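Trainee: I would like a close look at one charged side chain and its surroundings. Please start there and then work outward.

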Amino acid sequence: MPESVTLTVGGRTMTIETGELAKQANGSALVRYGDQNVVLCAVTASEKPREGIDFFPLTCDFEEKMYAAGKIPGGYIKREGRPPEHGVLSSRQIDRPIRPLFPDGFRNDVQIVATVLSIDPQLDADVLGVCAAGAALALSDIPFDKTVAAVRVGRDENGKYVCNPTLAEYETGGMDIVIAGTADGVMMVEGGGNEVAEEDFLGAVEFAHAEIRKIVKAIDQLAKKSGKAKREYPVAHVDSDLERWVHKNFAKDVAKAMRTVDKQKREAAFGELNVAEALSRCGKKDENVKALLETPGTAKEFNKILKAMEEDELRTMVVDEKIRPDGRKPDEVRPIWCKVHYVPRVHGSGIFTRGQTQVFTAATLGSKSDAQRLDGIMDFEDKRYMHFYNFPPYSVGETRPMRGPGRREIGHGHLAERALVPVLPAKDEFPYTLRLISEVLESNGSSSMASVCGSTLALMDAGVPIREHVAGVAMGLILKGNKYAILTDIQGLEDALGEMDFKVAGTKKGITAIQMDIKVQGVTIEIMREAMEQARKSRFMIIDKLAETIAAPRETLSEFAPRMIVIKIDPAKIKDVIGPGGKIINKIIADTGVEKIDIEDDGSVFITSLDGASGDKAKEIVENITREVMVGETYRGTVTRIITIGAFVQILPGKEGLVHISQLAPTRVDKVEDVVKLGDEVMVKVMEIDGQGRINLSRKALLAGGAPSGAVGGASGNGDYASRGPRPPRERDAAPSASAPGAPPTRRRRRPPGRRDDE
C-alpha cells in the first residue's frame, strides 16, 4: 500500500510518497511540491561489487523531459537526446552531497535516477531531485549513513530569506543559493548573488538548514513506516598484515615526498613508491607480504594504503606542524602574474597564473541573435553571457582522448559564468552577446577560480564595461581529531586529500558565486564563517593584482569587434522592415554590408556591423522605412513610374506618391516626359494624404510657390527650371460689338429645366 508524509516547506505543501511507482527498484520515492511540481526518484544497486576498481561507482541522473512542462522539443528531432546544461548541473547537485555518505569501501554500482514528471516552469525542481534521492535511499535496502535533503534560498524585496523562490524572486532579492545537508550538518552549497555580504550568506545557510531538518525528519518518519531493512553488502578492506608492513617500510618515504615543493617532482617521488619497490624491500621474514604483493590486483590495495598514509602525513604537517606541502602558510596565496591582450585577433584576452595553475581566457562579442536559446522545461531567458571551461589533458601532464565536455567542465564553466553575471552592464547599455572560453593550460588546484580571474581580465581587455573586478579563491579544510586547519588557495594535493573544497568568488563589495563540497559528514557554520573570512582577505589581495594589470575596462572596443547600433521603432512597423519572407531586411543587409539585423517584439532594432559606415547606412534605411510621411514635409525622391496624368515618386522605402502633371512645373506641361524621366531624383513636397492613405505630391510648390520670389521657372532638358525674367504686358483691344462685322456669335444662356418665360 502507498504511504506518504506531508509537510510545509517555503509556504508550499510537500508530499513524499512511496509504494506505488517504480517498485522493482531497490528504493523509490515520489515528491510532490506546490501545485505543479512532481519528481520521481528510483535508486538501484548491483547485486555484486564491481571487480578491479578502487572507487565507488555511483551514477546520478536528473531527467528533464519536455512533457513535464507541456512542451514538444523544438527542431527536427522530437525526442530528447543528451541532457541540457541544467540537467547536468542538477545531476551534480544530487551526486555531491550524497556520495560521501556511502560506506567506505562500498564497490557495488549504484544508480540514482530522478525524473521530472511535472513542473511549474517558474519553480525549479532541482532541489526536489535531491530530496527525492535522499528519500529513495532512506527507503531502500542500500547502505546509506544519513538522510539528505536540499532547499534553495533567495530573498524578497525587503531582504527577508525565501525558501524555494521562483525565477522572478531570484532577480528581486539578488540571491540564488542551493544548500544540501543532513540533520547534523551542511554537505553542499552552490549558488550566487549580487555581491552578497558574507554574513548574509551564512544567514541563508542557517535558514536553509532549519528547513532541511524538517524535510529529513519527515523522510525518516516515512522510512520507519515503509523502509526496507538494510542488506549486507560486501565492503572492500585492505589486508591488515600488508597495511602494517607498508606503514613500517614506507612511512619515511611518504613524509619526504609530501614535503617536496614542486608538483611534478613530488608526483615523481610518490611514483617511485610502487609494488616493484615494495617487492625489492621484502626480506626473508616477509614471505607472506611478498605473496600478497605478487597477487594480481594487489597494486590497488597497495596504492590505497599509500593514499591513506599521504592523508595522515598531510594532516600532521598542516594541523600540527603548520607546514603545507609547498612551504606556504595556511592563509598564503601562491605567486600571481597576469597579462592582457595576449593575442591580437580576439576581441579580448587574458592570462592568469597562480602558482602552477594557469588559465587563458578569450572574450568574443557578438550580436543579439548569437545569444544561447534555452529550450527546456524551465522558463529561462536566452543567455547573452556564456562561459565555457576546457580542461585539456596536457594541463596535468597526461594523455587521454579529447571529446566533448564532461560534467566537471560544465559545472566549472557554470560557476565561473555565475561569478561574472552580477557585474555585467545592462542589456540596454551594452547589447552585445558575450562568449568567454577558458583554456586551462596548467592545473595544480583551483583552476575554476583562475578562470574567474581570467574572465575579468578578458572582459576588461575587450572593452566590456563591467562594474568591478571579480576574483575567486578555493579554500580547503584539513581535520585531525578535534583540531582543524583552513587552507587558502589549495593546490591539487590538498584538494584530493583534504576534507573540503570551498570556492568563493566575488568583488570587494561581496560574493557573486560560491560552491562548497565536503568529504566528511557535514561541516559546521563556525568553520564556514572562518573559511569565508579568510577567503575574503585573499580575494581582496587577488583583485589588487588584477587591477595592477588592467585598472578599468578599455574605453574602445577592439578593431575586430563588431559595432552595434540600437534604435527603437513602432512595433507595428516591424513587418515593414522585415518584409514578406524577410525580403526587405535581407536586402538591407545585402545592400549595406552589415553583419546582422535583429528585431525584438518591443520594436528594438539591433544593427551589427564590422564598421560604422555600413551600420549608419542601415540605420538610415530602417528609419526611413518606419518614418511617417507628414503633410508639408519635403523629400528627395526617385521617379518610379510615369502615367499619362503624372509621375509616381518614391519618397521613402516602400512609400510613393503621385505628382499630378499639373504639379510638375509652374507652367503648363503637355507631356510628363518633358519634365521628368524614370529614375530621376526630384525634390517634392507632400501636399495631401487622403482618406485612403494615398500621397499627393507637388514639385511645382518648390519651384514656384515654394521657391524664392521671382522664380517662376521654365523647363530645361533635365526637368529643372531657370528664371526668364518678367513677361511684357499684353495690349488689350476693346471688345468688339456683338453686331460688328467679324464678331463671334453670342451664346444663348440656357434656361434651367422646368422654368417658363411667363413665370
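Trainee: Going by relative accessibility, does Glu-600 count as buried or exposed?

Mentor: Buried. Glu-600 has a relative accessibility of 17%, and the cut-off for buried is under 20%. Keep in mind that this is a predicted model.

Now look at the partner. Glu-600 forms a salt bridge with Lys-427, and the closest N and O atoms are 3.6 Å apart. Glu-600 sits in the loop between β21 (596-599) and β22 (604-609), while Lys-427 sits in the loop between α10 (407-420) and β15, so the contact ties together parts that are 173 residues apart in sequence. The two ends differ in cover: Glu-600 is buried, whereas Lys-427 is partly exposed at 41%.

The general idea is simple. Side chains of opposite charge can pair when their charged atoms come close. In this model, the total is 54 salt bridges. Two others deserve a look beside yours.

Take Lys-573 and Glu-628. Their side chains meet in a salt bridge with an N to O distance of 2.9 Å. This pair also links distant parts of the chain: Lys-573 is in the loop between β20 (563-568) and α14 (574-578), and Glu-628 is in the loop between α16 (612-626) and β23, 55 residues apart. Here the lysine is the buried end, with Lys-573 at 13% relative accessibility. Glu-628 is partly exposed at 44%. Some bridges go beyond a pair. Salt bridges that share partners join Arg-96, Asp-124, Asp-126, Arg-152, Asp-176, Glu-190, Arg-418 and Asp-517 into one network.

Next, Arg-334. Its salt bridge is with Asp-489, and the closest N and O atoms are 2.9 Å apart. Arg-334 is in the loop between α9 (298-320) and β11, Asp-489 is in the loop between β17 (483-488) and α12 (492-497), and 155 residues separate them. Both ends of this bridge are buried: Arg-334 has a relative accessible area of 6%, and Asp-489 is at 0%.

From Arg-334, step along to β11 (residues 336-340). In a regular strand the side chains alternate between the two faces of the sheet. In β11, the covered face holds Ile-336, Cys-338 and Val-340, and the uncovered face holds Trp-337 and Lys-339. β11 pairs with β12 (residues 348-354) in the antiparallel sense, over five bridges. Trp-337 has Thr-353 in β12 as its bridge partner.

Glu-628 leads the other way, since its loop runs between α16 and β23. β23 belongs to a closed barrel of five strands, β23-β24-β25-β27-β26, with mixed pairing. Neighbouring strands there are turned by 55° against each other on average, direction ignored. Strand β23 (residues 634-643) pairs with β24 (residues 646-652) over five bridges, in the antiparallel sense. Ile-642 stands opposite Ala-647 of β24.

Compare that barrel with the open sheet. It has six strands in the order β1-β2-β3-β4-β6-β5, again with mixed pairing. Its edges are β1 (3-9) and β5 (58-64), each of which pairs on one side only. The twist averages 15° from one strand to the next. Inside this sheet, β2 and β3 pair in the antiparallel sense over four bridges. Met-14 stands opposite Tyr-33 in β3. The loop between β2 (12-18) and β3 (27-33) holds Leu-21. Leu-21 is partly exposed, at 37% relative accessibility. Together with Tyr-67 and Leu-117 it makes a nonpolar surface patch of about 260 Å².

Two backbone points to check. Glu-195 is not a glycine, yet it has a positive phi of about 55°. It lies in strand β10 (residues 186-196) and is buried at 15%. Ser-446 also has a positive phi, near 65°. It is found in the loop between β15 (433-442) and α11 (447-461), and it is buried at 10%.

Last, the cysteines. The disulfide count is zero. Cys-131 shows why: its closest cysteine sulfur, in Cys-163, is 9.1 Å away, too far for a bond. Cys-131 is buried at 0%. Cys-282 is buried too, at 16%.

Terms used:
Residues are numbered from 1 along each chain as its sequence is written. This is a predicted model: local features need pLDDT of at least 70, side-chain atom pairs count only at pLDDT 80 or more; totals for chains, interfaces and linings use all residues. Side-chain values use heavy atoms; hydrogens and water are left out. A disulfide is a pair of cysteine sulfur atoms within 2.5 Å. Buried means under 20% relative accessible area, exposed over 50%, partly exposed in between (1.4 Å probe, protein chains only). Patches are made of residues with over 30% relative accessible area and no salt bridge: like charges are joined within 9 Å, nonpolar side chains (Val, Leu, Ile, Met, Phe, Trp, Tyr) within 5 Å. Accessible areas come from the Shrake-Rupley method with a 1.4 Å probe; for residues, only the protein chains shown count as cover. A salt bridge is a side-chain nitrogen of Lys or Arg within 4 Å of a carboxyl oxygen of Asp or Glu. Two strands pair if DSSP finds at least two bridges between them. Axes are lines fitted to C-alpha atoms, for helices over the stretch in contact, and angles run from 0 to 180 degrees between N-to-C directions.
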